[in-house]
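Trainee: Got a minute to go through this one with me? I'd like to start with the helices and strands.
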Amino acid sequence: MHELAMATSIVESILNVANKNEAISVTEVILEVGELTMLNPEQLRFMMDVTRKDTIMQDAEIIINMIPIEVECPKCKYKGVTEPDEHMDHLMAIAICPECGQTNLNILKGQECNVKTIKIEREDENA
């Protein structure tokens, strides 16, 4: 279950950025997760809920946008979205060209796991 390791890393990164920006709370986080990462968004969200408990981001809204697999096929020159191989196992994601069935593809999108935005609140400086 690599969701726990990823959730821990993501939460630590968010808290680090929030602390550097003198946040008193994190209100929203938007993540981009590629389908080829093999991260289950529900499990990732659950693990993030566990790891952010009792932090300044415990009440933040977590939005996870899944990024489809986009490939370029050197064999038939197809460029576009594809699905993961239906026969792949949970240890290795494989993309297949929908036009010619090639698996040796250039992956353009779908491998990312990014924190896209972090919304924070700061203490009122005029108070």
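Mentor: We'll take the first helix, then the strands, then the odd backbone angles and the cysteines. Keep in mind that this is a predicted model.

Trainee: Fine. How far apart are the end C-alpha atoms of α1?
Mentor: They are 27 Å apart. Helix α1 covers residues 2-20, and at 1.5 Å a residue its 19 residues should span 27 Å, so the two values agree.

Trainee: Which residues of α1 are buried?
Mentor: E3, A7, I10, V11, I14, L15 and A18. They cover an arc of only 130° around the axis, so they sit on the same side of α1.

Trainee: And which ones are exposed on the other side of α1?
Mentor: A5, E12, N19 and K20 are exposed there.

Trainee: What do the buried residues of α1 pack against?
Mentor: Against β1, α2 and β6, the last being residues 113-122.

Trainee: Let's move to β1. How many of its residues are buried?
Mentor: Ten of the twelve, so β1 is mostly covered given the cut-off of under 20% relative accessible area.

Trainee: In what sense do β1 and β2 pair?
Mentor: Parallel, over seven bridges. Strand β1 is residues 23-34, and β2 is residues 61-67. As for the register, V33 stands opposite M66 in β2. The chain gets from β1 to β2 through helix α2, residues 41-51, and that β-α-β crossover is right-handed.

Trainee: Any other residue pairs there? Which residue is the bridge partner of E32 in β2?
Mentor: N65.

Trainee: What about β1 with β6: parallel or antiparallel?
Mentor: Antiparallel, over nine bridges. One spot to look at is E28, which lies in β1. E28 stands opposite K119 in β6.

Trainee: A glutamate in a strand. Is E28 buried or exposed?
Mentor: Buried, because its relative accessible area is 13%, and the cut-off for buried is under 20%.

Trainee: What is E28 in contact with, leaving aside its neighbours within four places in sequence?
Mentor: A60, E61, I63, T117, I118 and K119.

Trainee: Switching topic. Where is E22, and what is its phi?
Mentor: E22 is in the loop between α1 and β1. Its phi is near 55°, a positive value in a residue other than glycine. Most residues other than glycine have a negative phi.

Trainee: Buried or exposed for E22?
Mentor: Exposed, because its relative accessible area is 61% and exposed means over 50%.

Trainee: And what is the story with K77?
Mentor: K77 is not a glycine either, yet it has a positive phi of about 75°. It is found in the loop between β3, residues 69-72, and β4, residues 79-82. At 63% relative accessibility, K77 counts as exposed.

Trainee: Last topic, cysteines. How many disulfides are there?
Mentor: Zero, with the sulfur atoms required to be within 2.5 Å.

Trainee: Why does C76 not make one?
Mentor: The closest cysteine sulfur to that of C76 is in C97, and it is 3.6 Å away. That is too far for a bond, because the cut-off is 2.5 Å.

Trainee: How accessible is C76?
Mentor: Partly exposed, at 32% relative accessibility. C113 also counts as partly exposed, at 27%.

How values were computed
Residues numbered from 1 in each chain as written. Predicted model: local features only at pLDDT ≥ 70, side-chain atom pairs only at ≥ 80, totals over all residues. Heavy atoms only, no water. Pairing = 2+ DSSP bridges. Helix = DSSP H or I, 4+ residues; strand = E, 2+ residues; numbered from the N terminus. Right-handed = clockwise from strand over helix to strand, strands pointing away. Buried < 20%, exposed > 50% of the residue type's maximum accessible area, 1.4 Å probe, protein only. Expected span 1.5 Å × (residues − 1). Arc of directions from axis to C-beta. Contact = heavy atoms within 4.5 Å.
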